[in-house]
Amino acid sequence: MNGNGVLGTSLRTGRGGALRAADAGTVVRLGGWVHRVRNLGGIVFMDLRDIGGIIQVSFGTDWASAEAIAAAAAVGVESVVRVEGTVAVRSAETRNAEMATGEVEVRAVRVEVVGPAVTPAIPVARARGEKLAAEELRLRHRHLDLRRPELQANLVLRHRLMQATRRFLSAHGFLEIETPILTKPTPEGARDYLVPSRVHPGEFYALPQSPQIYKQLLMVSGFDRYFQIARCFRDEDLRADRQPEFTQIDVEASFVGEDDIISLAEGLVGELWREAKIEVTARFRRITYADSMERYGCDRPDLRFGLEIADWTDAFRPLDFNVTKAAIAAGGRVRGMVLPGAAEWSRRDVDSIEAIAKDAGAAGLLRLKRSAGVLEGPLAKFAGGAATFDAVPDGALALFVAGPDRISSPALDRVRQECARRLGMVDEGRREFAIVTDFPMFERDAATGALAAVHHPFTSPDLLDVAARPDAPHTWRARAYDVVLNGMELGGGSIRTHDPALQARVLALLGIADPAEQERRFGFLLEALRAGAPPHGGIAFGLDRIAMLLANAASLRDVIAFPKTTAARALFEDAPTHIPADELRELHIGPTGAAQGREGSA
């Protein structure tokens, strides 16, 4: 049976989209949106849509009055109606195998329009093969776009993923605890959204980039295991598929090490994929950051195919080739990959790949191929007699980048992905999860040499590295880890610094050396750590991205009810928007009160 009993109200017996053959003979009252109407003269067919699906409703002379038939024929699409009738099994020749309700219809005796609709600005029902309206137009009329069954299915899946998260983590002893939305600005790697305080002139809250510090405070407070499906906000530069507000599955636990959190993460990911009817391996492949960068050029490797990057510096070292000689002399390397079967690619084909490498920062690509046993290409006259190039087999093309790793790695990563696509090596149905570990703790600013945290300043460095190389923090590894799937980061986390002295030292290395400044910016965390803090760590997953992958959606916007555009605008409600001057004055912003402090000074 369809389980409609729990959905029955005084206005309907349940959802029409849930009706099945087992409901035949049942008298039902339904409510929904008119998807289509087909008037065949003696009978009118109405496709009635609700969030459960679409059910065919028929008005025929054998069971409905002439008035009911006429009323059904006159209803406009997207109008909201209530109908009453009996569920009947459709004849074999009229069944619709493409609809979940295709075995049945409702033979209606009554129809009532309860929400008449004007002609919709964008179509909800589309003919087979008909393209969607432009995305900006659909976002402007999001209330209509959300009526599409595929978007409703995406949001239903998102709901199920959230409930699966709650079940899994609750079963593992985690408590769901909410943390503040109005909080204090902290460095998380992106700009904060600031909220002015009306009652505290000149002072501002920040919207949280993550609940990071609050979840650490909960560990200090003895809550042991915390989770939250948290709303987060980052005022980042515009990117194609980034949202300024997003949702993450946030997890923290006490008395744990890396393996404990990684094992929990593997279990949670498995549970979420099972919720989408997909089985995944129980344990994911482990790879260090250094190994991933060396072999794949990035820290989120796509492991569905080979084409690994190799170091060819020793092969090029003896060659009298100015480009590679200069790169090696400057401390760089020559790295590249061998593409089996690509020797037949045209120069134009390879030029287009070189353009991708240049977009990623490389000066260009070095090329070498072997056809009928002979090395060919611009490098051939330099490498022809070198036995070290025997590793390029017949029919293969080799592509190289010369320079420092910070240039060659991102370029070769992009080249690797594009070449795998062109060679047909990417199996879209394959899922290769990985755990990337041992990230660097810090990175240097290329211009100033200043240290910056690779993850965030509350990540713990590897204590063995700290002890072995106390004066070389740029060599320390972080106790951080990421979960990666097919070249995409699903989530990341770390073991946190719970020693207040070490936390103060890390802040000093990041340029916040003055104790007074540390207390001003992070005093509430340092005070908590000084009160006795357990070892703790956690992880956060991007729920939007996971939902997008499991729904096979083209964009994050297809799994978010009311998303922003790529320009960070909300088209439906027209936000952000200008605020009247008098309202700004109340917030102490503007010509007469810009950022006034408590005493009225700027």
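**The largest cavity**

Select the lining of the largest cavity in this predicted model: the residues there divide into eight nonpolar, five polar and three charged. The lining comprises 16 residues, and those nearest the centre of the cavity are Thr 183, Lys 184, Thr 186, Ser 210 and Tyr 214. Next, colour residues 212-220, which form helix α5; with three residues, this helix gives the most to the lining of the largest cavity. The space enclosed is about 110 Å³. In total, the structure holds four cavities of 30 Å³ or more. Empty space of this kind is revealed by rolling a probe the size of a water molecule over the atoms.

**The second largest cavity**

Move now to the second largest cavity, whose volume is about 90 Å³. Select Glu 236, Asp 237, Arg 242, Gln 243 and Pro 244, which lie closest to its centre among the twelve residues that line it. Which kinds of residue make up the lining of this second largest cavity? Four are nonpolar, three are polar and five are charged.

**The second largest pocket**

Select His 35, Ile 54, Glu 98, Met 99 and Pro 149, the residues nearest the centre of the second largest pocket. The lining of this pocket has 33 residues, and its volume is about 750 Å³. To see which elements contribute, show β1 (27-39), β2 (43-50), β3 (53-60) and α4 (149-171); each supplies at least two residues of the lining. Helix α4 gives the most, with five residues. By character, the lining of the second largest pocket divides into ten nonpolar, nine polar and 14 charged residues.

**The eight-stranded sheet**

Keep α4 on display, for it leads to a sheet. Helix α4 lies across β6, β9 and β10, and it runs at about 150° to β9. These strands belong to an open sheet of eight strands with mixed pairing, in the order β6-β9-β10-β22-β21-β20-β17-β11. At its edges are β6 (175-176) and β11, each of which pairs on one side only.

Colour strand β9 (residues 225-233) and strand β10 (residues 245-254): they run antiparallel and are joined by nine bridges. To inspect one point of this pairing, select Cys 232, whose bridge partner in β10 is Phe 246. In general, the strands of a sheet pair through backbone hydrogen bonds, either parallel or antiparallel.

Another helix to select is α16 (residues 543-550), which packs on the sheet and touches β9, β10, β20 (480-485), β21 (488-495) and β22 (536-542). The direction of α16 makes about 45° with that of β22.

**A loop after α16**

Follow the chain into the loop between α16 and α17 (581-586), where Pro 576 lies. The peptide bond from Ala 575 to Pro 576 is cis, with omega near 0°. Asp 574 is found in this loop as well. The phi angle of Asp 574 is near 60°, a positive value in a residue other than glycine.

**A stacked pair of rings**

The structure has ten aromatic pairs. One of them is formed by Phe 284 and Phe 433; this pair is stacked, at 4.5 Å centre to centre and with 10° between the planes. Where in the chain do Phe 284 and Phe 433 lie? Phe 284 is in the loop between α6 (258-275) and β11 (285-288), whereas Phe 433 is in strand β17 (residues 433-437). The pair thus links distant parts of the chain, with the two positions 149 residues apart.

**The five-stranded sheet**

For the last stop, display the open sheet of five strands, arranged in the order β12-β13-β16-β14-β15 with antiparallel pairing. Why is one side of β12 and of β15 left without a neighbour in the sheet? Strands β12 (310-311) and β15 (374-376) stand at the edges and each has a single partner strand, so one side of each has no neighbour there.

Select β12 together with strand β13 (residues 333-339): two bridges join these antiparallel strands. Within this pairing, Ala 310 has Gly 336 in β13 as its bridge partner.

Then add helix α9 (residues 322-329), which packs on the sheet and touches β13, β14 (366-371) and β16 (397-403). The direction of α9 makes about 45° with that of β16. Finally, select helix α12 (residues 405-422), which lies across β13 and β16 and runs at about 5° to β13.

Key
Residues numbered from 1 in each chain as written. Predicted model: local features only at pLDDT ≥ 70, side-chain atom pairs only at ≥ 80, totals over all residues. Heavy atoms only, no water. Pairing = 2+ DSSP bridges. Helix = DSSP H or I, 4+ residues; strand = E, 2+ residues; numbered from the N terminus. Contact = heavy atoms within 4.5 Å. Axes fitted to C-alpha atoms, helices over the stretch in contact; angles between N-to-C directions. 1 Å grid on protein atoms, 1.4 Å probe; cavity = no way out; pocket = protein on both sides within 12 Å on 5 of 7 lines; lining within 4 Å. Points joined across faces, edges and corners; volume = space filled by probe spheres on them. Nonpolar A, V, L, I, M, F, W, Y, C, P; charged D, E, K, R; others polar. Phe/Tyr/Trp six-rings, centres within 6.5 Å; stacked < 30°, edge-to-face > 60°.
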